[in-house]
Amino acid sequence: MDAVVGTSAATLGGTGVEGGDQLSVVMKFGGSSVSSAARMQEVAGLILAFPEERPVVVLSAMGKTTNLLLLAGEKAVGCGVIRVSEIEEWNMIKDLHIKTVDELGLPRSVIHTMLDELEQLLKGIAMMKELTLRTTDYLVSFGECMSTRIFAAYLNKIGVKARQYDAFDIGFITTDDFGNADILEATYPAVAKRLHGDWIRDPAIPIVTGFLGKGWKLGAVTTLGRGGSDLTATTIGKALGLREIQVWKDVDGVLTCDPNIYPNATTVPYLTFEEAAELAYFGAQVLHPQSMRPAKEGEIPVRVKNSYNPKAPGTLITKQRKMDKVVLTSIVLKSNVTMLDIVSTRMLGQFGFLAKVFSIFEDLGISVDCVATSEVSISVSLDPSKIWSRELIQQELDHVVEELEKIAVVHLLQQRAIISLIGNVRRSSLILEKAFHVLRKSGVNVQMISQGASKVNMSLIVHDSEAKQCIKALHQAFFEDDILTEVDEDALHMS
Ligand SMILES: Nc1ncnc2c1ncn2[C@@H]1O[C@H](COP(=O)(O)OP(=O)(O)O)[C@@H](O)[C@H]1O
Ligand SMILES: N[C@@H](CC(=O)OP(=O)(O)O)C(=O)O
C-alpha cells in the first residue's frame, strides 16, 4: 500500500486547515473507497497527503450500503413490524457502521440517532406495507448521512478540523423526480454561499453527503440516480469555481473497457468532457451520466483516481485534448436493452409519424438511447437506467407498445446490447471498417448502427448473448494488436 497511509495530522501542519486559503479542490470518494474503518483511515491519509490542497470532501455510502438499504426496504414491506429487527440486510448495515465507529475509536453516539431513525423508518414501511419512491429516497439517504458523520468525526478526532453537511440542507435543490432527480440552477449560488461562508467564518474541511438533494416543490429528500455522488462533486466544483474535481474510485481511472467484462482493460490517460459524458451515458459505470455537465460548464478539469493505488496517474478529463493520434478511446457495453422496431401504417405523413412516436415517449417519460430511421420506419433502443424497479419497466413497455400500435406495427426486441465505440469520429471509416471486420470474423450480426450527435460515439446493437465476446474481440483488435494494419496506417496518414 502507498506511503500516505497512516499519515498523521501532526506531520501535515497541525489541524491541516488554515483560514487564509481558499477551498481549492473537490475530492469525492465512492463506496468502494470508504467501505471499512481501515479504508476511511486510508482516505484520511490521502486527503492529508496534500496539505497544500483545501478540499471539499464528498462521500458515498460505505461499501454496498445503498443496495442493502434498498433490499431492507423491500423486505420490510412484507415482513411485519415485529420481524424488522430480523431483516438480514438491516443487521448488516447496523453491524458495519457500529464496527466502523468502534474501530475508529469514536463514540457510538456519532451514528446512534441515525440508526434509531432508520429502524423506525423500516418499521413504518412494514406497518404501511408499502414503499413509495419518495420513501425509498429517504431510506437510502441514511447511507451517505452515516458515512459522512463517521468520517467527519474521525478527522476531528485525529486533529483535522472537519464539518459534516447533508447536501439537502445546504442548497442542493432538485426536481421532485425521486430516484433520479436533476439538479436545479438555484443550487450553484446556494451551495457556494453556504460552503464559502462557513469556510471564511470558521475554516473546517467540509464533508458533504454525495447523491442527495431536496426536491424544490415537495421539500423531501431526493437522490440523483445510482452513482450520483460524482454529480454532487462536479456540482460543488462548478458552484465554488474550484481548480480541480477529483473522483477517487477502485480502478486506475477510466479504462478502455469494463474490467469486469475483460480484465486486459488499460487506463485511458486523457478524455474530453464530451467523450466522458458519452461513455458514462452509454453505460460505463465508472462515472454518473450527468456528472460531466457541471464540470464542462464550469470548465473544471476532472481527475479520476484510484484510492487503492494513489500513485497511478489516473484519467484527466478536460475541455479539449490532442486528437491527432487517437483512433478508439474506449469500448462500452450496455446490456439487457430493449429495442422497438416501429413501422408506420402510413396513417400519418412522415413528419407527423416521427413527431407522434417521440411524443408518446415523452408522455410516458421514457428515454431513448439510439435511433435509426427511414421514411416509414424507426428503430429505437430504450434506456432502462432511469427506473429503480424491473416490474415498472415491463408495465411501461406494455403501455408504450399499446400507444405506438395506434399508428404503427411494432416489434419488441428484448435482450439486446449496445456496444458503444467512443473515439475519434474523424476516423469513423477506419473504426467501423475494423469493428465490422472483427465482428464478421466472430460471426456476429449487427442489428442496428447509430452515431451520436456528439460525434464521439458510434453504437452497434447486437444480441445480448454475443456482447461480451464482441467486447473482448474488439478490445484485442483495437488496443492489443501491436502493429497497425496497412489500411490503418494509410487512414492515419490521410486524415
Ligand atoms: N470503462 C470503465 N473504466 C473504469 N471502470 C469501469 C468501467 N466500466 C465499468 N467500470 C466499473 O466501475 C467501477 C467504479 O465505479 P463505481 O463502482 O461507481 O466506483 P465508486 O463506488 O468507487 O464511485 C469499477 O470498479 C469498474 O468495475
Ligand atoms: N451510494 C450511492 C451513490 C454513489 O455515488 O455511490 P458510488 O460512488 O459508490 O457509486 C449509490 O450506490 O448509488
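In which sense do strands S1 and S2 pair, and over how many bridges? In this predicted model, S1 pairs with S2 (residues 55–59) in the parallel sense, over 5 bridges. Within that pairing, Val 25 of S1 stands opposite Pro 55 in S2. The two strands belong to a right-handed β-α-β unit, in which the helix is H1 (residues 37–48).

S1 has another partner, strand S8 (residues 244–249), and here too the pairing is parallel, with 5 bridges. Phe 29 has Trp 248 as its bridge partner in S8.

The surroundings of S1 can also be read from its side chains. In a regular strand, side chains alternate between the two faces of the sheet. Val 25, Met 27 and Phe 29 point one way from S1, while Val 26 and Lys 28 point the other way. Residues on both sides, Lys 28 included, are buried, that is, under 20% relative accessible area. Because 5 of the 5 residues of S1 (residues 25–29) are buried, the strand is largely enclosed by the rest of the structure.

A further sheet is made of 3 strands in the order S4-S6-S7; this sheet is open and its pairing is mixed. Strands S4 (173–174) and S7 (221–223) are at its edges and have a single partner strand each, so one side of each is left without a neighbour in the sheet. Strand S6 (residues 212–215) runs antiparallel to S7 and is joined to it by 3 bridges. Gly 213 stands opposite Thr 222 in S7. Helix H5 (residues 133–157) packs on this sheet and touches S6 and S7. The direction of H5 makes about 80° with that of S7.

Terms used. Residues are numbered from 1 along each chain as its sequence is written. Chains are lettered from A and ligands numbered from 1 in the order in which they are written. This is a predicted model: local features need pLDDT of at least 70, side-chain atom pairs count only at pLDDT 80 or more; totals for chains, interfaces and linings use all residues. Side-chain values use heavy atoms; hydrogens and water are left out. Buried means under 20% relative accessible area, exposed over 50%, partly exposed in between (1.4 Å probe, protein chains only). Helices (H or I, at least four residues) and strands (E, at least two) are DSSP runs, numbered from the N terminus. Two strands pair if DSSP finds at least two bridges between them. A crossover is right-handed if, with the strands pointing away from the viewer, the path from the first strand over the helix to the second runs clockwise. Contact means heavy atoms within 4.5 Å. Axes are lines fitted to C-alpha atoms, for helices over the stretch in contact, and angles run from 0 to 180 degrees between N-to-C directions.
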